[in-house]
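Colleague: Could you walk me through how to read charged pairs and a helix in a model like this? I'd like the general idea each time, then the case at hand.

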Amino acid sequence: MKKRIVGYADQISVAPGEAIEFKVTADGIDLYRADIARLISCDHHPGGSGTREEVIENPVSGAYDGRWQDTYAGSYAVIDDAAPFDALESFTLQAMIWPTMPDRGRQVILGKWSEADETGYALVIDNGGALALMIGDGPGSARVVSTGLALSERIWCFAGASFDAASGMVQVYQKAMIEYALSEGTAEVEEVVAPDPPGKTAAPLMIAASCGGQARGGVIGARHYDGKIDSPRVANRALGLDEMSGLMRRPIPDELQPAIVAAWDLARGVRSTRIEDASVNNLHGRLVNLPARAMKGYNWTGAEMNWRHAPEQYGAIHFHHDDLYDAGWETDFSFTVPDGLASGVYCARLEASGEVDRIPFVVRPPRDKATNDVACLVPTASYMAYANEHVGVDSEMSEVLMGHLSGLKPEDLMLNEHREWGYSLYEVHADGSGVCYSSRLRPVLNWRPGYTIPWVGAAGTAAWQWPADIHIVAWLDAMGHGCDFITDEDLHAEGLGLLERYRCVLTGSHPEYYSTRMWDALDGYLGQGGRLMYLGGNGFYWRIAYHDTLPGVLELRRAEDGIRDWVAEPGEYYHSFSGEYGGLWRRLGRPPQGLVGVGMATQGFDISGYFRRTPGSNDPRAAFVFEGVTDEIIGDFGTVGGGAAGLELDRCDHSLGSPPHTLVLATSENLTHLYFLCPEEVNSVGPIDSARETNLARGDITFVETADGGAVFSASSISWAGSLSWNGFDNNVSKITDNVLRRFLDPAPF
């Protein structure tokens, strides 16, 4: 069945009295119904807890007109129309460029060009992949002068062109910084065209795109450029090659100052969406759809890896035609959370012609107090990292790694059709560069209750991220535990003060991505006697950065180690949002073992194993964990791969910081040969890296006491949550989890 209605919200966490807006697109649907519902369970697996949701009375409920809302992907810079641009008759356009897809068709590097009426001027890559200057004064009037030499991919190249209005002379220069013996990298062409200046247009001057019109109060980009741009310049007369070279110097020579219209220094304001003009005209601009910043420029020497220490060598921005930050859809309806509405997991429920879409969000407690003793910390940063992952469709290795065929859902097929909705942090852009920014301000189709990932779990039915965490929501409800729900964004914004309101904090099934503020808050909470139940696996693995001013977006730099679906370029390991070094927390001197007693050890995506109790489970310190549990085997059942030990697992490792008094209560068994060690665990390649050959590829359930009477219980497996509901929540995984929570809520110190 084809999916035809989807939406997203402007918030992920709202408190009583606050409003959340919903934006909906519908393909061929004239009318749909919207409700607000509390989600309790959305487990469609055999033996699962089924679907349970409670529609709440609210003014939102009713019928709405369906409409399709376009999404305009692609990043670029916009500099508003200004007198210095309009005054140009003769001019020079130039930049250093590092094209990544020069054969993709016409791409605008820099110019003031209106696609609608073919008016203005622009420095472009032409349809043959060569540098060209384009001048136009109306439909059919475009004059294009090209070097005729195709640009090389990923080689810095000087790109410059001039036009003299008096003579009609056009000069175009193309010079690669690296030239090879059997290929040309330099070309220049002179051609006289009609000595008419370019036509006047109200279009803004743009970098990495042309003006494709207006929509929703902004400029639509067209003819997007893929690659890096450094040091773009505009001059008010036709410069020769030597003078163009002079414009690249820092500072620009005095004799060239009168010719400068704009000289953007893209190394300034890296943490912002602003680009700064270093000329006296102050023709500053703004970036659209978050192209990648803190990128090494044409003059990077390799002597400095941190963009903050040598900003003059990081004057490049990497643009992509498939970048997306905010889809910018119009609001269809909004919901104000009423006072007294219980904290929980909710959704806007959209229904039309038998199809249902649920846009999830969290109702948190009031911003100044807790309403329960326990909080569930919903790992929304991890949801954003995986947002709109296309691996089930795109990866040629997914079926090999999981040992079975992919099972695609309507959401997967719709994502495949609408690539303009952006990518996850596990993917690369069309030009092969890694996706380092991910936003929730777009339809995220795998962030849906009941969605099952096509590329993991037995028969392709595994819940992952948000759908997997609904298992925990259902368990809390079934066991009668009151709980406040808070998100990673809340924790990043409010820090320790948010956590210290609670006696016990639960994680989700896969809290993989943590900002420094989040890590410090959780560490501080445990340091003052807090109790943490880590109910997942592969947690606290990557450092990420949130943007200081832009909502709903985070950044990841996949640096020197870890499970990397792409690898950041050398010299580009530092986040542009925060300036911090990216990569694994383990490589930053903070391995997860030192925080929660365990850390990532292995992953596998075919079937799940189970845990066998160890002698440590008989230690009197852990007696409360196994009260009423006599089984030696724990979790040889479940809705995720058939067991509680699966997908990604953590182990105790004292050499990496597991406290010496950590109790290993149970260890995984029955993992298949498709469970492999993490790359950071392997110093040399060999045939001993799977769970069948090395004991290091395992998961350990652990308990460890912390400062001031606190403690941490670690389930150490993503699939643990999928076993909670088995047999109507009457099983040893559920019992152990319940025992731990009840003891962790007991104020008696450990």
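Modeller: We'll take the salt bridges, then one helix. Keep in mind that this is a predicted model.

Colleague: Fine by me. How many salt bridges does the structure hold?

Modeller: The count comes to 42. To call one, look for a Lys or Arg side-chain nitrogen within 4 Å of an Asp or Glu carboxyl oxygen. K112 and D81 make such a pair, with N to O at 3.2 Å. They sit 31 residues apart, so to speak on distant parts of the chain: K112 belongs to strand β9 (residues 107-114), while D81 lies in the loop between β7 (76-79) and α1 (83-86).

Colleague: And is K112 buried or exposed?

Modeller: Under 20% relative accessible area counts as buried. K112 has 2%, so it is buried. Its partner D81 has 32% and is partly exposed.

Colleague: Got another pair? Which residue does D520 bridge to?

Modeller: D520 pairs with R590, and their closest N and O atoms are 2.7 Å apart. This one also links distant parts of the chain, 70 residues apart: D520 is in helix α10 (residues 516-527), R590 in the loop between β37 (583-584) and α11 (593-596). Both ends are partly exposed, D520 at 38% and R590 at 28%.

Colleague: What about E705, where is its partner?

Modeller: E705 bridges to R621, closest N and O 2.6 Å apart. E705 is in strand β43 (residues 700-705), and R621 is in the loop between β38 (599-613) and β39 (633-634), 84 residues away. E705 counts as buried at 19%, whereas R621 is partly exposed at 32%.

Colleague: Which residues join into one network?

Modeller: Look for bridges with shared partners: E18, R364, R367, D490 and E494 are joined that way.

Colleague: Now the helix. What span should I expect for α7?

Modeller: The trick is to multiply 1.5 Å by one less than the number of residues. Helix α7 (residues 466-479) has 14 residues, so it should span 20 Å; the end C-alpha atoms are 20 Å apart, which agrees.

Colleague: How many of its residues are buried?

Modeller: Eleven of the 14, so α7 is mostly covered, going by the under-20% cut-off. Among them are W466, P467, D469, H471 and W475.

Colleague: And what phi does G480 take, just after the helix?

Modeller: G480 has a positive phi of about 80° there.

Notes: Residues numbered from 1 in each chain as written. Heavy atoms only, no water. Helix = DSSP H or I, 4+ residues; strand = E, 2+ residues; numbered from the N terminus. Buried < 20%, exposed > 50% of the residue type's maximum accessible area, 1.4 Å probe, protein only.
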